[in-house]
Structures are given as C-alpha cells and as structure tokens.
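User: I am new to reading protein models. Please pick a single part and take me through it closely, then show me a few other places to look.

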Amino acid sequence: MKIIRSIRAFKKRIAAIKQRGLSIGFVPTMGALHKGHLSLMRRARRETDIVVVSIFVNPIQFGPQEDFKQYPRPFRHDITLAQSVNADLVFCPATRAIYPPGFQTIINQSHLPAKLCGRSRPAHFQGVMTVVAKLFNLVQPDTAYFGQKDYQQALIIKQMVRELNMNLRIKTLPTVREEDGLAMSSRNAYLKPEERQYAPCLYRALSRGKTLIKRGEKSAKKIISTMRRIIQNAPNTRIDYIALVDPETLTDIKRLGQQKVLIALAVHVGTTRLIDNMLVMPK
Ligand code: AMP
C-alpha cells in the first residue's frame, strides 16, 4: 500500500493507473477509521481494481465553534486498518496543499444543504461539497463509496455529481453499528463512559419510530414526540432535531402516506453531537 502526501506525486500515480485502464474505487474519509469506513473499503475492493482512500480533516466543513482542532488523528493506526483491507493507495494531503493561500472557490447548492444538519451547521455542506469535488478531480474514480450514516451528505453529493455532469457513480452503503445499535462514528471516541452507555438512545428512538410507522401511525408529530421522550429519558442529552422527511427533497412530512420516509436525528450527548437515521417504507 502506497501512502502519498503530495498532490503532484498523487496525480502522477493516478495517471499511471488510468493509462493501464484500471478502474478506481474511492473512499473519502477524515481518518480515525472504524468498521464503517472499512465496510466501504471492502466493497470498493470487491468492485474495483484500485482502492484509493483519502484521509483529510477538512477545515472548511467545521464551524468556528466546532471540533476541527480536537478531531482525532490516529494516523499510524489508520494506515494499519487501511492495509488490513488491502487498500492500494492512501492519499493524505496537507491542508495548505488543498487550500493554498487565497483559495476562494466554493461549491454550494440552493436547497438540500439548508435542511436537517444544515440548520445548525450552516456552512458544513458547502465545505463538504468543495472538498469532495476537489478529491473527485484528483482521484478520478469510477465509483465513490459513502455511508448512509451521513445520509444528507450522500444525497447532496449525488445531486452535485448529477448536476455538474461528473463522470462517476456514487454508492451509499448501510450504516455499520455497534452491538447495542450505536452508529459507528469517529466522534464516539469523545464520549465519556457514562455517555457511551446512553448514546444508543438515538438508535432506540429511531427503532421505535420505525415500529410506529410500520404499525400504521400516520401522524409525524406523534412519532416525533414519542422519539423525543426516549431521548429525553437519557441523561445529559440535548436534541438538535428529530425529523420525518422525504428521502429525496428532505422536506418535512406531516402525514405519512405510502411513500418512503427518512427518520433523521441529531442529538448532543454531553458535548458530543451525534447523528443517525433510518429509511422506512410504511408498508
Ligand atoms: P468521515 O470520516 O466521518 O467523514 O466518514 C467517511 C465516510 O464513511 C462517509 O461516507 C461516512 O458516511 C462513512 N461512514 C461513517 N460512519 C459510518 C458507519 N457507521 N457506517 C457506514 N459508513 C460510515
């Protein structure tokens, strides 16, 4: 497995791969790798010739009060994990290589980034889109792999790829969970032991919401208030949002019909903000 930091060297390597006509599978990450990331890499390994993983903690997707500085960077361990699933290439550019002084190009969308997480993280998705577009240009993947855990992110990226005529396929893979249902996340490392104990309340709330929908409950308000109680019963939690939305437009659904619903939530457990979601087909 090759580890490359410089953009120049990376471009050279990609050109050689392209020259040989090999397909590229790409898994963009911010490092602090876990089994969720590895499931994406394994799928890329099965489906494409060359697996490229990027590790880049993207400063412009963090708000001024957010955790960019503290974000975990266990680089050696990440390399070992990427190696364990036979990734071919790890690209880990320096911040100043991606954003040289004077950098001013930002990619944005008019609607989706303002929904759900965008309400409390206003510049987050434009930061994500900008870095992902840059990485797509550098990696030139045939397929890029994203996790459903960050549903809104994957939806926005798909829209960007479609609307900017980018020449690749996006695949979204299921959320990998701990045994108690907690969605794996690099930020779980922030949780204190007692917070970790209560953190599965997100999953329990989602599961309850899903059950209610499957039983025929049509009122989003009722479903959300049941979910809210489950979260509030866990100590030291603060709800950012709980929403039932259309999976394509992310607009609120008030009364459920026959169509698919995305249940999504963001909750602060202690000082750690966690997100999770479930896609539910009413019947
Ligand atoms: P991150 O390093 O958190 O930016 O995530 C990199 C990629 O891994 C994104 O596509 C995430 O959606 C995906 N990912 C993160 N957590 C999980 C998980 N628990 N299961 C599946 N994919 C995940």
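Analyst: What follows is a close look at one strand, with some other sites after it.

Keep in mind that this is a predicted model. Start with strand β8, which covers residues 261-269. How many of its residues are buried? Nine of its nine are, and the strand is mostly covered.

Now look at the two sides of β8. V261, I263, L265, V267 and V269 point one way. L262, A264, A266 and H268 point the other way. Residues on both sides are buried.

Next, find the neighbours. Which strands pair with β8? One is strand β7, made of residues 237-245. β7 and β8 run in the antiparallel sense, and eight bridges link them. For a landmark, find I263 in β8: L244 stands opposite that residue.

The other partner is strand β9, residues 272-280. This pairing is antiparallel too, with nine bridges between β8 and β9. Take A266 as your marker here: its bridge partner in β9 is I275.

How do you get from β8 to β9? The two strands form a hairpin, with two residues between them. G270 sits in that turn and has a positive phi of about 60°.

Leave the strands and go to Q109. Where is Q109 found? It is in the loop between α4 (95-98) and α5 (124-139). Is Q109 buried or exposed? Its relative accessibility is 15%, and the cut-off for buried is under 20%, so Q109 counts as buried. Its side chain reaches the backbone oxygen of I156 at 3.0 Å. Leaving aside residues up to four places away in sequence, Q109 touches M129, I156, Q159 and M160.

For contrast, turn to A15 in helix α1, residues 7-19. A15 has a relative accessible area of 43%, so this residue is partly exposed. Now trace from A15 to T211. They are 196 residues apart in sequence. In space, their C-alpha atoms are 50 Å apart.

Last, look for empty space. Rolling a probe the size of a water molecule over the atoms reveals where such space is left. The second largest pocket holds about 210 Å³. Its lining has 17 residues, and I55, F56, V57, R73 and F75 lie nearest its centre. What kinds of residues make up this lining? Twelve are nonpolar, two are polar and three are charged.

Terms used:
Residues are numbered from 1 along each chain as its sequence is written. This is a predicted model: local features need pLDDT of at least 70, side-chain atom pairs count only at pLDDT 80 or more; totals for chains, interfaces and linings use all residues. Side-chain values use heavy atoms; hydrogens and water are left out. Buried means under 20% relative accessible area, exposed over 50%, partly exposed in between (1.4 Å probe, protein chains only). Helices (H or I, at least four residues) and strands (E, at least two) are DSSP runs, numbered from the N terminus. Two strands pair if DSSP finds at least two bridges between them. A polar contact is a pair of N or O atoms within 3.5 Å; within protein, one must be able to donate a hydrogen and the other to accept it, and residues adjacent in sequence count only if both atoms are side-chain atoms. Contact means heavy atoms within 4.5 Å. On a 1 Å grid over the protein atoms alone, a cavity is a set of points where a 1.4 Å probe fits but cannot get out, and a pocket is an open set with protein on both sides within 12 Å along at least five of seven lines; lining residues have an atom within 4 Å of a point. Grid points are joined across faces, edges and corners, and a volume is the space filled by probe spheres set on the points. Ala, Val, Leu, Ile, Met, Phe, Trp, Tyr, Cys and Pro count as nonpolar, Asp, Glu, Lys and Arg as charged, and the others, Gly among them, as polar.
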